[in-house]
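User: I would like to learn how to read helices and sheets in a model. Can we take it step by step?

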Amino acid sequence: MAEYLASIFGTEKDKVNCSFYFKIGACRHGDRCSRLHNRPTFSQTIVLLNLYRNPQNTAQSADGSHCHVSDVEVQEHYDNFFEEVFTELEEKYGEIEEMNVCDNLGDHLVGNVYVKFRREEDAERAVGELNNRWFNGQAVRAELSPVTDFRESCCRQYEMG
């Protein structure tokens, strides 16, 4: 029985633990989810919740209508954001193995930034210190994430194109 439970842990067959949280470090149901979100007590990976603001999703004119932002401007904004965040995190907390920025529209993923450090200690220190910081006029919300393999942590929206 234990072997079977271990084989289904974190999969959709697991009726106790949330497979979405286990796979992508977020769940669209949030705290209302009927399954457990096993928040890690140690991890190499952190998530900075809703940190990235895509200008195409947020640009509005004074009358409330959406402004057009060119693809070039969006790419430039993203590149500047990525470089600024990556550089500061690596300089202050330690070597980064990988960093991914979500550009989803789902509330549970929009603007999330996942950072995988080389050492768990660096991730833990980053979470502790980043939760006392501000970025672009908003409080930074950081937490340890269960995500270890970014190739496996794609949501359905990404997989569907």
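User: Which strands does helix 4 lie across?

Analyst: First, the ground rules. This is a predicted model, where local features need pLDDT of at least 70 and side-chain atom pairs count only at pLDDT 80 or more, while totals for chains, interfaces and linings use all residues. Residues are numbered from 1 along each chain as its sequence is written, and side-chain values use heavy atoms, with hydrogens and water left out. Helices (H or I, at least four residues) and strands (E, at least two) are DSSP runs, numbered from the N terminus. Now the case: helix 4 lies across strand 1, strand 2 and strand 3 (113-117). Helix 4 runs at about 145 degrees to strand 2. Such angles run from 0 to 180 degrees between N-to-C directions, and axes are lines fitted to C-alpha atoms, for helices over the stretch in contact.

User: What is the order of the strands in the open sheet?

Analyst: Strands of a sheet pair through backbone hydrogen bonds, either parallel or antiparallel. To count as paired, two strands need at least two bridges found by DSSP. Here four strands form an open sheet in the order 2-3-1-6, with antiparallel pairing. Strand 2 (96-101) and strand 6 (142-144) are the edges, each pairing on one side only. From one strand to the next, the twist averages 20 degrees.

User: How many bridges join strand 2 to strand 3?

Analyst: Five bridges join them. One pair is asparagine 100 with tyrosine 114 in strand 3. Strand 1 (residues 45-48) pairs with strand 6 over three bridges, and with strand 3 over four bridges. Look at leucine 48: its bridge partner in strand 3 is valine 113, and leucine 48 also stands opposite alanine 142 in strand 6.

User: Is strand 3 mostly covered or uncovered?

Analyst: In a regular strand the side chains alternate between the two faces of the sheet. Strand 3 is mostly covered, with five of its five residues buried (under 20% relative accessible area, 1.4 Å probe, protein chains only). Val113, Val115 and Phe117 are on one side, and Tyr114 and Lys116 on the other.

User: At what angle do the axes of helix 4 and helix 5 cross?

Analyst: Two packed helices are described by the angle between their axes and the distance between the axes. Helix 4 (residues 71-93) and helix 5 (residues 120-130) have axes that come within 10 Å and cross at roughly 110 degrees. The two helices are therefore roughly perpendicular (65 to 115 degrees).

User: Which residues of helix 4 meet helix 5?

Analyst: Contact means heavy atoms within 4.5 Å. Leu89, Lys92 and Tyr93 in helix 4 meet helix 5 residues including Asp122 and Arg125.

Technical notes: Angles under 35 degrees count as roughly parallel, over 145 as roughly antiparallel, 65 to 115 as roughly perpendicular and the rest as oblique. Buried means under 20% relative accessible area, exposed over 50%, partly exposed in between (1.4 Å probe, protein chains only).
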